[in-house]
Amino acid sequence: LDQQNFQFIEKLRKKGRMVALFSGPPGTGKSMAAEVIAHQVGKELWIANLDKIHGSFVGETERNLTEIFMSAS
């Protein structure tokens, strides 16, 4: 790791929780990048697939998101 990356990782380690949103087409390495970052900073990783969170009924998506964030806190 270069000095700039090292400083970024040290900041993440000290701050506690972090949230990141990765977007892009399937197969571009979003999950892998998240796993690498989580490993480097020593954090637990939660991956949420939007296809499984999105509901077809009014309020269902919001309820699913609330459940995820409540479980993570």
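1. Let's start with Glu 44. At 66% relative accessibility Glu 44 counts as exposed, because the cut-off for that label is over 50%. Glu 44 sits in the loop that links helix 2 to helix 3 (50–53). Its side chain isn't left without a partner, though: the side chain of Glu 44 makes a polar contact with the side chain of Trp 46, at 3.0 Å. Bear in mind that this is a predicted model, and side-chain atom pairs count only at pLDDT 80 or more.

2. Now the overall picture. The protein chain has 4 helices and 0 strands, so no surprises in the order: DSSP runs numbered from the N terminus give α-α-α-α along the sequence. Of the 73 residues in the protein chain, 12% count as buried. The accessible surface of the protein chain comes to about 6,400 Å², and carbon and sulfur atoms own 58% of that. As for contacts in the protein chain with a separation of 6 or more, 37% of them are between residues 24 or more positions apart.

3. Helix 2 deserves a look of its own. How far apart are the end C-alpha atoms of helix 2? They are 17 Å apart, and since the 12 residues of helix 2 (residues 30–41) should span 16 Å at 1.5 Å a residue, the two values agree.

4. Which residues of helix 2 are buried? They are Ala 34, Ala 38 and Val 41. These three cover an arc of only 75 degrees around the axis, which puts them on the same side of helix 2. The spacing fits the usual rule: an α-helix has 3.6 residues a turn, so residues three or four places apart point the same way. Turn to the other side of helix 2 and you find Met 32 and His 39, both exposed.

5. A small backbone point on what follows. Just after helix 2 comes Gly 42, with a positive phi of about 70 degrees.

6. Last, Thr 61, which has its place in helix 4 (residues 60–72). Is Thr 61 buried or exposed? Thr 61 counts as buried, because its relative accessibility is 16% and the cut-off is under 20%. Leaving aside residues up to four places away in sequence, Thr 61 touches Ile 53, His 54 and Gly 55. One of these, Ile 53, falls within the residue range of helix 3 (50–53), so if you're browsing the model, that's a good spot to view helix 3 and helix 4 together.

Note on methods. Residues are numbered from 1 along each chain as its sequence is written. Side-chain values use heavy atoms; hydrogens and water are left out. Helices (H or I, at least four residues) and strands (E, at least two) are DSSP runs, numbered from the N terminus. The expected span of a helix is 1.5 Å times one less than its number of residues. Buried means under 20% relative accessible area, exposed over 50%, partly exposed in between (1.4 Å probe, protein chains only). The arc is that of the directions from the helix axis to the C-beta atoms. Contact means heavy atoms within 4.5 Å. Accessible areas come from the Shrake-Rupley method with a 1.4 Å probe; for residues, only the protein chains shown count as cover. A polar contact is a pair of N or O atoms within 3.5 Å; within protein, one must be able to donate a hydrogen and the other to accept it, and residues adjacent in sequence count only if both atoms are side-chain atoms.
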